Amino acid sequence: MAQGHAVKRYSGLMDWLTTVDHKKIGILYLIAGGFFFLVGGLEALLIRIQLWKPLNDFVSADTYNELITMHGTTMIFLAAMPMLFALMNAVVPLQIGARDVAFPFVNALGFWTFFFGAVLLNVSWFTSTGAPAAGWTAYAPLSGPAFSTGHGMDYYVLGLQIAGIGTLIGGINFLVTIINMRAPGMTFMRMPLFTWTSFITSALILFAFPALAVGLAALMFDRVFDANFFDPNNGGNAVLWEHIFWIFGHPEVYILILPAFGVISEVISTFSRKRLFGYSSMVFATILIGFLGFMVWAHHMFTTGLGPVANALFSIATMLIAVPTGIKIFNWIFTMWGGSIKFTSANLYAVGFIPTFVMGGVTGVMLAAAPADFQYHDTYFVVAHFHYVIVGGLILGIFSGLHYWWPKMFGRILNETLGKWTFWIFYIGFHLTFFIQHFLGLLGMPRRIWTYLDGLGFNEMNLISTIGAIMMGIGTIMFILNVVITNAKPQNAADDPWEDGRTLEWTIPSPPPEYNFKQTPLVRGYDAYWKEKMDGHKGMTPAEPIGSIHMPSPSILPFTMSLGLFITGFGLMYSRDWTFITEHIGFYVAGLGLLITFGSMFLRSVYDDHGFHIEPEELEDKGVKA
Amino acid sequence: MSTHSHAEGHLPHEPEKATLEGRNKVLGFWLFLGGETVLFGTLFSAFLALRHQVLDGPQPSELFKLSLVAAATAILLTSSLTSVFAIQALHNHNVKALINWLIVTVVLGLGFLGLEIYEFYHYVHEGHGFTTSAFSSSFYTLVGFHGAHVAFGIFWISSIIGQLMKKGLTVVTAPKVYVAGMYWHFIDVVWVFIFTVVYLMGKVV
């Protein structure tokens with residue numbers, strides 16, 4: 001069986017550029033997503049500094065527009081998504097007892113396309129025409145060539161297009177991994193909830209991102225090739241963009257929040273030392289939220305003028321989502337009920353998540369009432385609502401998950417004392433920033449404005465909000481400090497560092513060896529590891545004898561494929577401006593980029609990857625070096 | 001479960017699904033086609049929303065020549081049939097017939113693409129350019145996305161033919177053939193919708 005193929009083993013930087021190991025790709029996602037979280041956070045702080053007093057001129061109106069556009073775009077696409085992918089990569093294969101994802105090569109490709117798209121988008125800051133400034137929703141015709149001159153929005157359409165490809169193929173990869181790669185006995189209804197929510201999120205990615213791809217392509221055609229999709233002067237339809245954007249955009253918010261639900265379910269169950277209450281209803285609620293998520297996009301467009309019938313239907317569909325979400329909230333509370341709860345940092349974030357998310361949900365139902373929405377629309381009430389669900393939901397979930405799985409990813413437990421301090425400062429700062437914004441909105445302060453007049457009653461509340469934002473910034477810095485301090489400590493986390501681990505990832509070393517499981521485990525029930533513990537066993541029953549393990553080879557091609565797309569994006573963007581050497585040199589540059597991409601795909605197709613084998617005598621518990 | 005353990009000699013009954021890698025590939029490709037469905041669905045929606053915005057350009061009813069489009073349709077649908085024969089040859093482990101049917105499929109695909117290029121060239125001369133109107137932009141984007149898929153499929157299947165000639169039919173090459181066949185059927189189905197929604201409806205209303 002083992003034919004002993006020679007395999008190139010890289011080290012140092014080349015190792016990270018060529019890796020196809022899901023654990024290393026998870027770390028890459030975390031570093032890149034964490035970096036863009038800081039960039040987006042810096043943009044948020046600049047916004048709040050500009051708004052701390054009336055008639056402030058800290059930044060210009062144009063710069064402010066760039067800041068709000070890039071803050072939203074960066075946080076959603078370049079920070080939240082990759083940090084979720086980091087957790088999914090690090091945890092899902094371990095939770096289902098798999099040695100790797102279904103397509104390790106595609107997994108690396110997904111990361112690199114995301115990375116190059118993100119870099120492309122942010123390069124815009126350093127150009128003479130500045131960053132995109134038409135809002136993260138890029139509504140036409142504002143985002144079209146007539147009103148967004150310069151290249152800012154070109155960076156938006158092309159950067160997001162390239163990053164979106166990465167997300168889409170990442171989603172397909174996780175779907176196939178979860179369907180095909182589960183260990184023996186790991187039936188669907190025994191899967192940990194984080195795996196379930198990752199599964200549904202991946203399905204939403206699959207069906208939502210292609211719509212965004214078409215919308216971005218059409219907007220790109222409008223901008224670069226003078227097409228007429230969204231230009232009413234030439235028969236185009238600006239409302240069409242709203243539909244396309246939100247039929248992607250609404251599922252996107254469920255793509256973001258579902259994995260956070262999964263994290264919360266794992267953390268609360270572990271630290272309450274209880275089985276998750278109502279597991280099957282949790283699964284059902286997740287599926288229902290995913291399904292309904294596609295039925296509600298027009299609630300972002302109540303004031304567009306779709307008419308009372310459409311508004312009523314979308315209003316009701318939106319309110320329906322409160323039902324499965326409510327099921328989840330009660331299940332978490334009932335899981336804690338009667339449990340022996342340990343308030344670790346991870347659990348503090350998880351428990352803090354519950355009331356915060358409920359508040360975001362309640363304002364969501366308020367906004368779902370179409371007649372009332374006409375009052376809330378485009379005010380700070382909306383800003384408060386979506387920050388409650390995204391920061392108070394998703395970001396708290398990510399912090400919880402990072403504290404919980406950090407020892408599994410890096411072999412070191414984050415400092416608990418510092419972690420708890422960080423939680424309280426971030427949490428109080430968050431509520432200080434955004435709770436007050438509900439009232440600013442109800443008083444009539446519009447969102448996306450550069451500044452406001454004195455004497456409108458906005459001054460004190462904006463100041464409080466800015467103070468809260470600074471606290472969140474301090475909290476984030478404390479988290480980074482915690483990472484640095486922890487990294488200096490010895491890598492000595494136990495396999496099951498929380499001692500109450502319930503799922504398969506806690507049965508293997510921290511960090512796991514590159515093949516994850518020396519022997520594929522046999523799963524005998526939900527909470528597989530907990531079940532073995534309760535039955536008095538030390539570990540899992542293996543489902544196979546120790547044998548040689550087949551591994552995929554590292555490859556630089558995912559990097560070059562994505563680099564090609566990056567070059568293509570640049571070429572297309574400057575196709576009109578670059579006239580040195582010859583006209584339309586941009587198109588030649590774009591062609592060169594596509595040649596690199598398709599050439600790499602051709603090489604991948606023609607040269608088979610035989611991978612390599614790790615023989616039984618080589619199996620030792622060595623982990624990912626990070 | 002290694003990909004090359006059955007490489008020589010006896011081939012399993014359904015070689016495309018004989019390995020975990022093969023099964024992953026087939027399932028992943030089904031899912032990918034699900035995403036492609038949304039992609040084309042969005043393109044169709046945009047076209048339907050914009051198809052009456054002709055402005056000063058030619059009306060679709062006077063522009064479209066159904067005889068040409070019908071010929072292109074017949075060629076593409078026939079190529080779908082020949083790709084089925086190719087998969088049958090795959091299941092019979094008949095490499096020679098497999099390669100021949102794939103070549104026929106590629107040639108038919110090239111014929112379709114040639115007709116489409118001629119058609120676009122003709123339309124531009126009639127004053128129906130990419131930037132003429134919202135109708136024309138959405139028309140070229142929808143039909144052009146499909147044409148680009150056909151062109152990609154031609155390159156892809158050609159590369160697979162080359163691999164089959166060099167490596168023969170193995171558990172590594174079989175999933176590639178199978179998945180390319182799925183892709184080819186998918187772009188045929190999309191064309192059936194394009195023929196109906198773009199051309200037939202363009203003639204009627």
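Visitor: How many residue pairs are in polar contact between chain B and chain A?
Guide: Nine, counting pairs where both residues have pLDDT 80 or more. That confidence filter is there because this is a predicted model. On the chain B side, the elements that give two or more residues to the contact with chain A are α1 (20-50) and α5 (134-167). α1(B) gives the most, with 18 residues.

Visitor: What makes up the side of chain B that touches chain A, by class?
Guide: It's 17 nonpolar, 16 polar and five charged residues. In all, the contact takes 38 residues from chain B and 39 from chain A.

Visitor: How much area is buried between chain B and chain A?
Guide: About 3,100 Å², with carbon and sulfur atoms giving 71% of it. The size of an interface is often given as the accessible area lost when the parts come together.

Visitor: Why is the pair B:Lys167 and A:Asp608 called a salt bridge?
Guide: Check the distance: the side chains meet at 3.3 Å, N to O. The cut-off is 4 Å between a Lys or Arg side-chain nitrogen and an Asp or Glu carboxyl oxygen, so this Lys-Asp pair qualifies. The pair crosses between chains, from helix α5 of chain B to the loop between α18 (585-606) and β4 (612-614) of chain A.

Visitor: Are those two partners buried, exposed or partly exposed: what do B:Lys167 and A:Asp608 count as?
Guide: Partly exposed is the label for anything between 20% and 50% relative accessible area. B:Lys167 has 27%, so partly exposed it is. A:Asp608 has 25% and therefore gets that label too.

Visitor: How do you know that A:Asp608 and B:Lys176 form a salt bridge?
Guide: Their side chains come to 3.6 Å, N to O, and that is within the 4 Å limit, so the pair counts. With A:Asp608 in the loop between α18 and β4 of chain A and B:Lys176 in helix α6 (residues 173-204) of chain B, the pair joins two chains. B:Lys176 has a relative accessible area of 10%, which is under 20%, so B:Lys176 is called buried. The count between chain B and chain A is two salt bridges.

Visitor: How many salt bridges does the structure hold over all chains?
Guide: There are 14. One of them joins A:Asp154 and A:Arg223 at 2.5 Å, N to O. That pair links distant parts of the chain, with A:Asp154 in helix α5 and A:Arg223 in helix α6 of chain A, 69 residues apart.

Visitor: Why are A:Asp154 and A:Arg223 called buried?
Guide: Under 20% is what the label needs. A:Asp154 has a relative accessible area of 5%, so the label fits. A:Arg223 has 9%, so the label fits there as well.

Visitor: What makes A:Met186 count as buried?
Guide: Its relative accessibility is 3%, which is under the 20% bound, so A:Met186 is buried. A:Met186 is in the loop between α5 and α6 of chain A. Setting aside neighbours within four places in sequence, A:Met186 is in contact with A:Gln95, A:Ile96, A:Met191, A:Pro192, A:Leu504 and A:Val523. The C-alpha atoms of A:Met186 and A:Pro521 are separated by 9.4 Å, though the two residues are 335 residues apart along the chain.

Visitor: What is chain A divided into?
Guide: Domain 1 (24-500) and domain 2 (559-608). Their centres, taken over C-alpha atoms, are 31 Å apart. In the contact between them, 20 residues of domain 1 meet 16 residues of domain 2.

Visitor: How much area is buried between domain 1 and domain 2 of chain A?
Guide: About 1,700 Å², and carbon and sulfur atoms give 76% of it. On the domain 1 side, A:Phe105, A:Phe116 and A:His151 lose the most area to domain 2, together 33% of what that side buries.

Visitor: How many salt bridges does the rule find across the interface of domain 1 and domain 2 of chain A?
Guide: Zero. There are three residue pairs in polar contact between the two domains, both residues at pLDDT 80 or more. On the side of domain 1 that touches domain 2, α4 (104-123), α5 (152-180) and α6 (193-224) of chain A each supply at least two residues. The largest share, eight residues, comes from α4(A). By class, that side has 14 nonpolar, three polar and three charged residues.

Note on methods: Residues numbered from 1 in each chain as written. Chains lettered and ligands numbered in written order. Predicted model: local features only at pLDDT ≥ 70, side-chain atom pairs only at ≥ 80, totals over all residues. Heavy atoms only, no water. Domains from an automatic or database assignment. Contact = heavy atoms within 4.5 Å. Buried area = accessible area lost by both parts, 1.4 Å probe. Polar contact = N/O pair within 3.5 Å; in protein donor to acceptor, adjacent residues only side chain to side chain. Helix = DSSP H or I, 4+ residues; strand = E, 2+ residues; numbered from the N terminus. Nonpolar A, V, L, I, M, F, W, Y, C, P; charged D, E, K, R; others polar. Buried < 20%, exposed > 50% of the residue type's maximum accessible area, 1.4 Å probe, protein only.
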